[in-house]
Amino acid sequence: MERVGLAIIGCGSASPAVSLDNDGLSQVVETSDEWIATRTGIRRRCLADPGYSLAQLGAAAAAKALEMAGVAPEEVDLILLATSTPDDLFGTASVIQARLGATRAVSFDLTAACSGFVFGLVTAAQFIRTGVYRNVVLIGGDILSRWVDWSDRRTCVLFGDGAGAVVIQADPIDRLLGFELHSDGSQNACLNLAYQGESKVLTPDVTIAQGGYRPITMNGQEVYKFAVRKVPEVMEKTFFHAGLDAAEIDWVVMHQANQRILDAVADRLSIPREKVISNLAKYGNTSAASIPLALDEAVRDGRIQPGNKIAMSGFGAGLTWGAAVVQWGK
Ligand code: ACO
């Protein structure tokens, strides 16, 4: 098969209509706008009411990305949904495929928590570079509000819901300039949304487990230390693979976890903070959605221009982390 390159030619995003600000949240747990804003930069978050599905949010984001790309749903070969909060554990990507009318596309979910979008981008690139598929829709979407412990002020103030998407297309010129991905399962306990079953005896010889998932648990300080250590490292390695100097990067679009993390990473890489796209004040941490949500905002308001070099980095549960440098558009 002929090896080809790729270009990212469209983006879109979708958020639930309801937004809860920090003052509103202080009616739920003992907290304050001052505490949340100072420690995280977050001012409010969009939350999905029970009528929303992840498929609905993901399909809305994907439809906007396809429109910008000028690609018809029937031309899509592959739909990847990066999520940790599917509507259905058997997968939600297929429901998005049906909603879009992307009748030719194969679709599946991919789980790598807040690294999901970057891991999905690299996965999509493998299918395109090998010549297997031409048009890929990559969606990052999460409804974490379903799984947050709303009595735990250490975690519930951080998260929000949303979806973002990009259209990635085969092209003679390869605009994925470099990437690097990592996992460290030995630190898995730092951040969990874990299954918890209870034993159920089926027959005297056979016992199985049945149950559900526990709300998110997080060791905030460990996750913070992990992020500020590993993200600059993986970005530097990715710049090396891309043959670029940090000064040549036009924009940084990182997972929107915490403003302090974004600032610390920028400072360690000696990248001016103005080059780091941040919209977490409005959305909080939307997990796999956060990078494409921020990307879409910056493309639509004209900050990101065709040809700009964008460094992306995702990090989070697993633990997982990774980075990719892409050149926007054609
Ligand atoms: N409001 C008011 N007080 C609070 C709140 C709150 N929402 N949450 C905690 N506190 C209190 C604590 O009870 C504690 O008080 P105590 O000392 O009397 O016990 C005090 O504030 C300090 O708590 P810490 O947990 O030590 O606060 P810290 O300075 O570490 O900040 C934070 C917490 C913001 C979560 C920080 O650790 C952080 O940002 N970590 C990274 C987390 C992250 O980004 N996770 C997501 C990345 S991965 C992914 O996206 C899935």
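Ala, Val, Leu, Ile, Met, Phe, Trp, Tyr, Cys and Pro count here as nonpolar, Asp, Glu, Lys and Arg as charged, and the others, Gly among them, as polar. The model is predicted: local features need pLDDT of at least 70, side-chain atom pairs count only at pLDDT 80 or more, and totals for chains, interfaces and linings use all residues. Residues are numbered from 1 along each chain as its sequence is written, and side-chain values use heavy atoms, without hydrogens and water.

**Exercise 1. Describe the shell around the ligand.**

Step 1. Count the residues around the ligand (a heavy atom within 4 Å of it). There are 22, and R39, C114, Q221, N258 and N285 come nearest.

Step 2. Sort the shell by class. It has 10 nonpolar, eight polar and four charged residues.

Step 3. Assign elements (DSSP runs numbered from the N terminus: helices, H or I, at least four residues; strands, E, at least two). α7 gives the largest share of the shell, four residues.

**Exercise 2. Find polar partners of the ligand.**

Step 1. Look for polar contacts, meaning pairs of N or O atoms within 3.5 Å.

Step 2. Start with the ligand nitrogen atoms. A polar side-chain atom of T31 lies 2.6 Å from one nitrogen atom. At G220, a backbone N or O atom lies 2.9 Å from a nitrogen atom of the ligand.

Step 3. Turn to oxygen. N258 places a polar side-chain atom 2.5 Å from an oxygen atom of the ligand.

**Exercise 3. Place the ligand relative to the domains.**

Step 1. Take the bounds from an automatic or database domain assignment.

Step 2. Domain 1 (5-174) and domain 2 (178-185 + 217-327) both give residues to the shell, so the ligand lies between them.

**Exercise 4. Locate two backbone features.**

Step 1. Check omega. The peptide bond from G318 to L319 is cis, with omega near -5 degrees. L319 sits in the loop between β14 and β15 (320-327).

Step 2. Check phi. A113, a residue other than glycine, has a positive phi near 50 degrees. Its loop runs between β5 (106-110) and α5 (116-129).

Notes. A residue is near a molecule or strand if one of its heavy atoms lies within 4 Å of it. A polar contact is a pair of N or O atoms within 3.5 Å; within protein, one must be able to donate a hydrogen and the other to accept it, and residues adjacent in sequence count only if both atoms are side-chain atoms.
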